[in-house]
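User: I've got this one open on my screen and would like a close look at a single part of it, the empty space and what surrounds it. Could you walk me through that?

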Amino acid sequence: MAPLLEVRGLRVTFSGYRGESRVLAGVDLEVGAGEQVGLVGETGCGKSVAMKAILGLLPSPPARVEGEVRFRGRALGPEELRALRGREITMIFQDPMTSLNPVFTIGQQLHDVILRGRKVPPRAAAARARAILREVRLPDPDRVLRAYPFQLSGGMRQRVLIAMALVNEPDLVIADEPGTALDVTIQAQILLLLRDLVERQGISVLLISHNLGVVRQVTRRVCVMYAGTIVEVAPTAALFRTPRHPYTQGLLAAVPKLTGEGVPAGIEGMIPDYVAPPPGCRFAPRCPYAMAVCDTPPPAIPVGPTHQAACWLYSSEAVLASGQAHGHGR
């Protein structure tokens, strides 16, 4: 069966005064029907750019987008994406304050979203708005509908955004760091709420986050992104149990442990300059296992039944050709 969302060879280049910034370098990812997938990586690795490119939200110029996005097996151009957004594909953005229009009430904004997705009389739209606010566990829906965004707390605004994303019963929700602007306790409540709602409705989710704990809690499969490339794809449990790519191993080693099992270790170095990225593996300058062959971009190599890592360490021919054993530096 074809995946619900399929992205192949997604490249994004921005033109600037320093030259062309190659932010995404051939991203491939899939989201199946009813599947919750995480896209994780450190800040600045291109996660949000990938989301906007998939949705056709990057301005051109300065952005140049290449590659293919397919939904239900059908390639999507700008017009097709515009027709699907807000109906079959919806979004939850990072900051609930800037994502809501400050001059319209929540009710006006929610009604506009409902009417975009379905042709119903105003009374039915109002009833649907109240119902979805109850589903996201907002007390006194009538008061919320009359309120302006500034009259609600951050957690309430985030719940409103989730309501807007789910009100038309979409097939796919793309969530970009939901709850990041909130304190940790409220963020956890929001993410658990989102997970429960999408599982109950059978909605697919692409969750974008830099928070490994969030991804572990909410998703079933994870794509790890580094500097605009997908470096590892695995079921969530397998990724946290046996990470295979050196970057993923470094990310997990940097997470503080409440059990006191050693001090977290950071990854040396920085994300490369996108104007002049490394010629091959973009992680090679920071990798303790880098080899000569890393000057060539690595393919996605199977390291398990449903586990892939884009790393030459798992190609025996490449290791032998470099004349270096696993674990030796460049």
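How many cavities of 30 Å³ or more does a search of the whole structure find?

Analyst: Keep in mind that this is a predicted model. Searching the whole structure turns up 1 cavity of 30 Å³ or more. The space in the largest cavity comes to about 80 Å³. Its lining is made of 15 residues, and C281, C287, C294, C311 and W312 are the ones nearest the centre. Sorted by class, that lining has 14 nonpolar residues and 1 polar one, with no charged residues.

Now for the open space. The largest pocket holds about 790 Å³. There are 36 residues around it, with A25, G26, V27, T229 and I230 lying nearest its centre. The lining of this pocket splits into 19 nonpolar, 8 polar and 9 charged residues. Strand 2 gives the largest share of that lining, 8 residues. At least two residues each come from strand 1 (5-16), strand 2 (19-31), strand 9, strand 10 and strand 12 (307-309).

Several of those strands belong to a sheet, and that's worth tracing. It is an open sheet of 8 strands in the order 6-7-8-3-9-10-12-11, and the pairing is mixed. Strand 6 (89-92) and strand 11 (301-304) sit at the edges with a single partner strand each, so one side of each has no neighbour in the sheet. From one strand to the next, the twist averages 20°.

Zoom in on two strands that also help line the pocket, strand 9 and strand 10. Strand 9 (residues 221-226) and strand 10 (residues 229-235) run antiparallel and are joined by 6 bridges. If you want one to find on screen, R221 has P235 in strand 10 as its bridge partner. Helix 11 (residues 246-253) packs on the sheet here, touching both strand 9 and strand 10, and its direction makes about 100° with that of strand 9.

One more thing to click on is the ring contacts. The whole structure has 4 aromatic pairs. Among them is the edge-to-face pair of Y226 and F283, at 5.1 Å centre to centre with 80° between the planes. Y226 is in strand 9, while F283 is in the loop between helix 11 and strand 11, so this pair ties together parts that are 57 residues apart in sequence.

Notes:
Residues are numbered from 1 along each chain as its sequence is written. This is a predicted model: local features need pLDDT of at least 70, side-chain atom pairs count only at pLDDT 80 or more; totals for chains, interfaces and linings use all residues. Side-chain values use heavy atoms; hydrogens and water are left out. Two strands pair if DSSP finds at least two bridges between them. Helices (H or I, at least four residues) and strands (E, at least two) are DSSP runs, numbered from the N terminus. Axes are lines fitted to C-alpha atoms, for helices over the stretch in contact, and angles run from 0 to 180 degrees between N-to-C directions. Contact means heavy atoms within 4.5 Å. On a 1 Å grid over the protein atoms alone, a cavity is a set of points where a 1.4 Å probe fits but cannot get out, and a pocket is an open set with protein on both sides within 12 Å along at least five of seven lines; lining residues have an atom within 4 Å of a point. Grid points are joined across faces, edges and corners, and a volume is the space filled by probe spheres set on the points. Ala, Val, Leu, Ile, Met, Phe, Trp, Tyr, Cys and Pro count as nonpolar, Asp, Glu, Lys and Arg as charged, and the others, Gly among them, as polar. Rings of Phe, Tyr and Trp (its six-membered ring) pair if their centres lie within 6.5 Å; planes under 30 degrees apart count as stacked, over 60 as edge-to-face and the rest as tilted.
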